[in-house]
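This report walks through the chain shown below, beginning with a single side chain and its surroundings and then moving to charged pairs, cysteines and overall form.

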Amino acid sequence: RHAEETAARAEGNVHSLRIQCAQQKHHAEKSLRELKRAHALSLRAVSNSLELAQQGLRKLEIDVQKNLTAQLTYERRARHALKSDLDKVTAEKEELDAKLEGLRVELEDANAKAKEYKGVLGKMQKELDSQKQRYLCAAATAAEAKKQAKAATKTEGLAQQAAASASAE
């Protein structure tokens with residue numbers, strides 16, 4: 001009887017343990033399903049986050065590429081404009097240098113002509129001074145001749161008077 005009671009108790013314990021095992025198994029399976037669902041949701045969230053991050057990176061890459069292209073285009077245009085300006089300035093400088101050289105040549109020609117004219121004017125001044133001197137001499141000679149002619153006329157008049165007086169006598 002004691003053995004039967006122990007066996008019945010043991011059987012009750014086994015039955016109780018089976019129920020507990022079944023409950024734990026059911027609870028474990030339920031936890032595993034929730035864990036799997038949470039893991040799937042977590043994987044989906046990570047996948048979505050990864051997809052969003054990749055989209056953000058692609059958009060960022062496109063924006064960076066656009067900005068880089070715009071900057072390169074701006075720099076290329078700026079370099080072209082600067083080169084164009086530099087070419088214009090260089091052409092203007094060359095043109096001004098050519099004009100300056102032309103003016104320098106003209107100045108040298110004008111200086112040479114001025115020296116030539118100065119020499120010619122010096123010769124003309126000497127010739128003028130010489131002619132003036134000759135004129136003054138000629139004028140003095142003419143004045144002297146006039147004086148002498150006047151004196152001769154006076155002397156001739158006196159001689160005619162004397163001849164007329166002598167012939168009258």
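Leu121 is exposed, with a relative accessible area of 55%, and this residue lies in helix α1, which runs over residues 2–168. Together with Tyr117, Val120 and Met124, Leu121 forms a nonpolar patch on the surface, and the four residues jointly offer about 430 Å² of accessible area. The model is a predicted one, and the values below should be read with that in mind.

**Overall form**

The chain has one helix and zero strands. Its radius of gyration is 70 Å, well over the 15 Å that the globule rule gives for 169 residues, so the chain is more spread out than a compact globule. Along the principal axes, the C-alpha atoms fill a box of roughly 235 × 20 × 20 Å. How much of the chain is made up of buried residues? Of the 169 residues, buried ones account for 0%, where buried is taken as under 20% relative accessible area. The chain exposes about 15600 Å², and 61% of that area is supplied by carbon and sulfur atoms.

Two pairs of positions show how separation along the chain goes with separation in space. Glu5, a residue of helix α1, is 36 residues away from Leu41 along the chain, and the C-alpha atoms of these two residues are separated by 52 Å. Ala8, likewise found in helix α1, stands 13 residues from Cys21 in sequence and 19 Å from Cys21 in space, C-alpha to C-alpha. As for their surroundings, Glu5 is partly exposed at 40% relative accessibility, and Ala8 is partly exposed with a relative accessible area of 49%.

**Charged pairs**

Side chains of opposite charge can pair when their charged atoms come close. A search of the whole structure finds eight salt bridges, and the table sets out some of them with the distance from N to O.

| Basic residue | Acidic residue | N to O distance |
|---|---|---|
| Arg58 | Glu51 | 3.4 Å |
| Lys93 | Asp97 | 2.8 Å |
| Arg134 | Glu127 | 3.5 Å |

In the pair between Glu51 and Arg58, whose side chains meet in a salt bridge, Glu51 is partly exposed at 34% relative accessibility, and Arg58 is partly exposed with a relative accessible area of 41%.

Where do Lys93 and Asp97 sit with respect to each other in helix α1? These two residues are four residues apart in that helix, which means that about one helical turn separates them. Their salt bridge has its closest N and O atoms 2.8 Å apart, and Asp97 is partly exposed, with 36% relative accessible area.

For the salt bridge between Glu127 and Arg134, the closest N and O atoms are 3.5 Å apart. Glu127 counts as partly exposed at 39% relative accessibility, while Arg134 counts as partly exposed at 46%. Elsewhere, Glu101, Arg104 and Glu108 are joined into one network by salt bridges that share partners.

**Cysteines**

How many disulfides does a search of the whole structure find? The search finds zero disulfides. Among the cysteines, Cys21 is partly exposed, its relative accessible area being 47%, and Cys137 also counts as partly exposed, at 44% relative accessibility.

**Drawing the picture together**

Read as a whole, this predicted model consists of a chain with one helix and zero strands, more spread out than a compact globule by its radius of gyration of 70 Å. On its surface, Tyr117, Val120, Leu121 and Met124 make up a nonpolar patch, while the structure as a whole holds eight salt bridges and zero disulfides.

Technical notes
Residues numbered from 1 in each chain as written. Predicted model: local features only at pLDDT ≥ 70, side-chain atom pairs only at ≥ 80, totals over all residues. Heavy atoms only, no water. Patch = residues over 30% accessible without salt bridge, like charges linked within 9 Å, V, L, I, M, F, W, Y side chains within 5 Å. Areas by Shrake-Rupley, 256 points an atom, 1.4 Å probe, with all protein chains shown as cover. Buried < 20%, exposed > 50% of the residue type's maximum accessible area, 1.4 Å probe, protein only. Disulfide = S-S within 2.5 Å. Rg over C-alpha atoms; globule rule 2.2 N^0.38 Å.
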